[in-house]
Amino acid sequence: QVQLVESGGGSVQAGGSLRLSCAASGYTYSRQCVGWFRQVPGKAREGVAFIHPGTDITYYVDSVKGRFTISRDTAKNTLYLQMNSLKPEDTAMYYCAADGGGLYGGRCRPQGLWYKNWGRGTQVTVSS
């Protein structure tokens, strides 16, 4: 049984940093795309950052480029999202997702419908 557990969320002031973690059990970050999504109540879920473990090809939504970094630790079977220079608009529930298939057009697909396994989320709140 696949289980993804996020941690590392919290409340920070604008300009601060957080590192989210997603520990996997029953699943190995290998050849399928994995990534982070976020959602604010009343708004659509948004794909934020993705990595294809087989090639380490990454993809970021424009709003987080240069501020967020996705990475993985194979030994710990954990996915990370380092978030720097946080802005109030980054406030959301953040979810990790796995089993997103292979690369499409040279990158991971950023739509949630392609990902089969999801964590329960960790809240990130950025105050101005």
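**Notebook: Gly102, Asn117 and the cores**

I started at Gly102, which touches Gln32, Cys33, His52 and Arg109, leaving aside residues up to four places away in sequence; contact here means heavy atoms within 4.5 Å. This is a predicted model, where local features need pLDDT of at least 70, side-chain atom pairs count only at pLDDT 80 or more, and totals for chains, interfaces and linings use all residues. Residues are numbered from 1 along each chain as its sequence is written, and side-chain values use heavy atoms, with hydrogens and water left out.

I found Gly102 in the loop between β9 and β10 (117-118); strands are DSSP runs of E, at least two residues, numbered from the N terminus. Is Gly102 buried or exposed? Gly102 is partly exposed, because its relative accessible area is 33% (buried is under 20%, exposed over 50%, partly exposed in between, with a 1.4 Å probe and protein chains only).

Next I looked up Asn117, which sits in strand β10. Asn117 is buried, at 18% relative accessible area. Its side chain makes a polar contact with the side chain of Asp99 at 3.3 Å (a pair of N or O atoms within 3.5 Å; within protein, one must be able to donate a hydrogen and the other to accept it, and residues adjacent in sequence count only if both atoms are side-chain atoms).

Then I checked the largest nonpolar core (buried Ala, Val, Leu, Ile, Met, Phe, Trp, Tyr and Cys joined through side-chain atoms within 4.5 Å). It has 28 residues, and Tyr29, Trp36, Leu79, Leu81, Met83 and Tyr94 touch the most other members. A second, separate core of 6 residues includes Cys33, Phe50, Ala97 and Tyr115.

Methods
Helices (H or I, at least four residues) and strands (E, at least two) are DSSP runs, numbered from the N terminus.
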